[in-house]
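Welcome, and thanks for taking a look at this one with us. Please have the sequence and the 3D view side by side as you read.

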Amino acid sequence: MTRTEYRWLLPSAMADPELPGDRRGRSRRTVRDWAVDLTAFLCAALIGVLAAAAIEADPTTPDGVLFADVVIGALACCALWVRRRWPVGVAVALVLVAAVEPVSAGAVLVALFGVAVHRPFRPVAAIGALALALAPVQPYLRPDPDTSFTGATVVGVLLPLLVISWGMVVRSRRQLVVTLRERARRAEAEAELRAEQAQRLAREAIAREMHDVLAHRLTLLSVHAGALEFRPDAPTAEVARAAGVIRDSAHEALQDLREIIGVLRSPGESDGDRPQPTLATLESLISESRLAGMKVVLDNRVVDPATAPAATGRTVYRIAQEGLTNARKHAPGAEVTVTVTGARGEGLTVEVCNPAPTEPFEQVPGSGQGLIGLTERAALAGGSLGHGPRPDGGFRVRASLPWPA
């Protein structure tokens with residue numbers, strides 16, 4: 001059932017979001033409230049009728065006093081219908097009336113219960129103390145011939161105490177239920193936020209991977225396509241070699257794109273995982289760039305690249321790949337130096353440097369997101385990345401990554 005379907009089964013203080021006793025707004029009675037109020041009114045009226053019958057049975061009671069008792073008792077019972085709006089005022093008024101009016105005894109017990117349910121401890125304690133202080137007044141002013149003064153006083157003390165205690169227990173249980181419900185709502189909201197954050201992080205990871213992988217392949221296509229465009233009279237062998245590089249790069253780009261899209265599919269629909277690049281496959285990346293016409297110098301000082309952690313080696317590979325892509329875009333024809341140093345327990349350092357371009361070239365548009373993605377990738381791997389221009393006008397990308405002992 002939804003909230004609107006079972007709202008009528010709850011008290012108004014629990015059907016609404018505010019806690020019992022909150023003065024920020026008044027709630028309309030639910031069906032349960034009407035049933036409870038009607039039952040409380042009838043119980044108070046029944047107690048008042050019994051008290052009026054006992055007063056009528058006393059032959060010493062004047063008819064005018066009996067009539068006044070019945071009228072005041074009826075008004076006290078009717079006042080219970082507004083106790084939800086003014087619980088403190090109604091309770092105080094009925095406690096004062098009950099000090100001299102036995103017929104209102106039932107109404108004052110209901111009012112004490114209501115104020116204990118709907119108000120905090122301090123006003124409840126004050127009203128309870130007032131009721132206990134006035135408990136001996138009624139037996140003293142209007143003694144019952146069948147009950148001693150001490151017995152009537154004890155009953156006048158115990159009944160308010162029991163009713164107030166019962167009301168405070170009900171209030172604490174309601175507050176507990178409301179608190180648990182609010183916690184459940186917060187837990188659901190936090191779960192939704194965590195799910196949204198996980199989806200956002202997954203989208204960012206996929207976007208970063210697509211940029212790192214496809215940008216490298218597409219720049220190769222751009223370089224060779226541009227060479228064919230500006231050198232239509234190139235030798236047949238050179239044209240064939242450039243066309244082969246374009247074909248291979250397009251095929252690799254499609255394979256990489258298929259692999260990334262496979263992440264978005266369910267495992268049952270995946271085409272299978274391709275081998276992930278590591279530090280040991282860095283040589284193949286350099287060879288591919290050299291086949292594309294780049295001048296690349298690799299200085300790999302790691303003794304055994306295969307022993308590097310897979311995640312760290314993959315990060316080094318992506319950083320070198322992005323550095324070569326940027327050099328190909330912004331410094332075509334310049335010699336690029338890729339330096340990898342480190343050992344177990346010392347960490348890994350990868351640096352990609354290129355001098356300033358010496359020949360005019362057509363600028364390739366870039367968004368700058370690649371370096372941002374590399375910085376995030378290095379941070380996720382537990383390392384750091386820095387980049388910026390060199391004094392000679394070139395550019396350098398340098399990253400430090402952990403390699404635990």
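What follows is a short tour, from the whole chain down to single residues.

This is a predicted model, so please read every value below as computed from it. The protein chain has 405 residues, and 36% of them are buried. Its secondary structure comes to 13 helices and 5 strands.

**The chain as a whole**

- The accessible surface of the protein chain is about 23,100 Å², and carbon and sulfur atoms account for 62% of that area.
- Taking contacts between residues at least 6 apart in sequence, 70% of them join residues at least 24 apart.
- Across the whole structure, a search turns up 9 salt bridges.

**Where α3 meets α6**

- Helix α3 spans residues 31-57 and helix α6 spans residues 105-118; their axes come within 7 Å and cross at roughly 145°.
- On the α3 side, the contact is made by Ala-40, Ala-44 and Ile-47, and on the α6 side by Gly-106, Ala-107 and Val-110.
- What is the make-up of this contact in nonpolar, polar and charged residues? There are 5 nonpolar residues and 1 polar residue, with no charged residue in the contact of α3 with α6.
- Further along in helix α6 you will find Val-117.
- Val-117 has a relative accessibility of 2%, so it counts as buried, the cut-off being under 20%.
- Val-117 and Ser-165 are 48 residues apart in sequence, yet their C-alpha atoms are 9.6 Å apart in space.

**Cys-77 and its surroundings**

- Cys-77 sits in helix α4, which covers residues 63-79.
- Is Cys-77 buried or exposed? Cys-77 is buried, because its relative accessible area is 5%, and the cut-off for buried is under 20%.
- Beyond its neighbours within four places in sequence, Cys-77 is in contact with Phe-41, Ala-44, Ala-45 and Ala-107.
- Two of these partners may look familiar: Ala-44 belongs to the α3 side of the contact with α6, and Ala-107 to the α6 side.
- Cys-43 lies 34 residues from Cys-77 in sequence, with a C-alpha to C-alpha distance of 9.3 Å.

**A buried salt bridge and its network**

- Arg-83 and Asp-37 form a salt bridge, and their closest N and O atoms are 3.0 Å apart.
- This pair links distant parts of the chain, 46 residues apart: Arg-83 is in the loop between α4 and α5 (87-98), while Asp-37 is in helix α3.
- Both partners are on the buried side of the cut-off: Arg-83 counts as buried at 8% relative accessibility, and Asp-37 counts as buried at 4%.
- Arg-84 is also involved, since a network of salt bridges links Asp-37, Arg-83 and Arg-84.

**Two further salt bridges**

- Arg-185 and Glu-182 meet through their side chains in a salt bridge with an N to O distance of 4.0 Å.
- Both Arg-185 and Glu-182 lie in helix α9, 3 residues apart, which is about one turn of the helix.
- Arg-185 is partly exposed at a relative accessible area of 31%, and Glu-182 is partly exposed at 33%.
- Where do the partners in the salt bridge of Arg-396 and Glu-351 lie? Their side chains meet at 3.8 Å, N to O, and the pair links distant parts of the chain: Arg-396 is in strand β5 (residues 395-401) and Glu-351 is in strand β3 (residues 347-354), 45 residues apart.
- Arg-396 is partly exposed, with a relative accessible area of 39%.

**A nonpolar patch on the surface**

- Val-154, Val-155, Leu-158, Leu-159, Leu-161 and Leu-162 make a nonpolar surface patch of about 510 Å².
- Val-154 lies in helix α9, which runs over residues 149-230, and Leu-159 has its place in helix α9 too.
- Val-154 counts as partly exposed at 41% relative accessibility, and Leu-159 is partly exposed with a relative accessible area of 38%.
- Leu-159 and Leu-132 are 27 residues apart along the chain, and 9.8 Å separates their C-alpha atoms.

Definitions and conventions: Residues are numbered from 1 along each chain as its sequence is written. This is a predicted model: local features need pLDDT of at least 70, side-chain atom pairs count only at pLDDT 80 or more; totals for chains, interfaces and linings use all residues. Side-chain values use heavy atoms; hydrogens and water are left out. Axes are lines fitted to C-alpha atoms, for helices over the stretch in contact, and angles run from 0 to 180 degrees between N-to-C directions. Helices (H or I, at least four residues) and strands (E, at least two) are DSSP runs, numbered from the N terminus. Contact means heavy atoms within 4.5 Å. Ala, Val, Leu, Ile, Met, Phe, Trp, Tyr, Cys and Pro count as nonpolar, Asp, Glu, Lys and Arg as charged, and the others, Gly among them, as polar. Buried means under 20% relative accessible area, exposed over 50%, partly exposed in between (1.4 Å probe, protein chains only). Patches are made of residues with over 30% relative accessible area and no salt bridge: like charges are joined within 9 Å, nonpolar side chains (Val, Leu, Ile, Met, Phe, Trp, Tyr) within 5 Å. Accessible areas come from the Shrake-Rupley method with a 1.4 Å probe; for residues, only the protein chains shown count as cover.
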